[in-house]
Amino acid sequence: MVYLIAWIIFAALAAACWYVSVACLRGTAGEAAATAVVPNRPLTALAAIAGVSMTSFLPFPLGWAAGLLVWGVAAFTGTGLPAGRASVLFAYLAAGSLLTRLIVLGVLAMFGI
C-alpha cells in the first residue's frame, strides 16, 4: 500500500512537471504561435508521466537519468515538434524533474526517512 501511495505522489509530480513544462514552452513561443507550439498528444503525456513516475523509485542520480531518458523519448519522438522546440521542451522537463526530485529528497530528509 505504501508503494501505491508513493507511486501516486510520483505520478502527480511527473504530471505537474509535464504540464508546467508544456505551458512554459507555449509561453516562450509568443502570442501568435502559442496554440500551435505543442500539439495535444494525451497518449504521449500519459506514457511519459507513467514512465517517469516508475523511475522515481530508483535512487537519485540513476532515477533522474532514467527519467531524463523517458522525457527525451517523449519530447523528441512523441510530440511531433521540430528538433529545436523539442530541445527546449526537454530542457524544461529536465529542470522541472530535477527540481521535483530535490524537493522529494528534502521532504524525506526533513522527516528523517
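I looked up the contacts of Ala-75 beyond its neighbours up to four places away in sequence, and found Ala-86, Leu-89, Phe-90 and Leu-93. The model I am working from is a predicted one. Ala-75 belongs to helix H3, which covers residues 60-78. I checked its cover next: the relative accessible area of Ala-75 is 0%, so I entered the residue as buried, the cut-off being under 20%. For the pair Ala-75 and Ala-86 I noted a C-alpha to C-alpha distance of 5.4 Å, with their positions 11 residues apart in sequence.

I then turned to helix H4, residues 83-110, and its packing against H1. The two axes come within 9 Å, and I have their crossing angle as roughly 145 degrees. I recorded the crossing of H1 and H4 as right-handed. On the H1 side I listed Phe-10, Leu-13, Cys-17, Trp-18, Ser-21, Val-22, Cys-24 and Leu-25 as meeting H4. On the H4 side the residues are Arg-85, Val-88, Leu-89, Tyr-92, Leu-93, Gly-96, Ser-97, Thr-100 and Val-104. Leu-89 and Leu-93 of H4 thus appear in this list, and I had already written both down as contacts of Ala-75.

Last, I went over the surface. I found a nonpolar patch of about 980 Å², made by Met-1, Tyr-3, Leu-4, Ile-5, Trp-7, Ile-8, Ile-9, Met-54 and Phe-57. Which helix gives the most to the nonpolar patch? I have H1, residues 2-27, with 6 residues. I took Ile-8, in H1, as one patch member to check. Its relative accessibility is 47%, so I marked Ile-8 as partly exposed.

Conventions
Residues numbered from 1 in each chain as written. Predicted model: local features only at pLDDT ≥ 70, side-chain atom pairs only at ≥ 80, totals over all residues. Heavy atoms only, no water. Patch = residues over 30% accessible without salt bridge, like charges linked within 9 Å, V, L, I, M, F, W, Y side chains within 5 Å. Areas by Shrake-Rupley, 256 points an atom, 1.4 Å probe, with all protein chains shown as cover. Salt bridge = Lys/Arg side-chain N within 4 Å of Asp/Glu carboxyl O. Helix = DSSP H or I, 4+ residues; strand = E, 2+ residues; numbered from the N terminus. Buried < 20%, exposed > 50% of the residue type's maximum accessible area, 1.4 Å probe, protein only. Axes fitted to C-alpha atoms, helices over the stretch in contact; angles between N-to-C directions. Left-handed = near helix turned anticlockwise from the far one by under 90°. Contact = heavy atoms within 4.5 Å.
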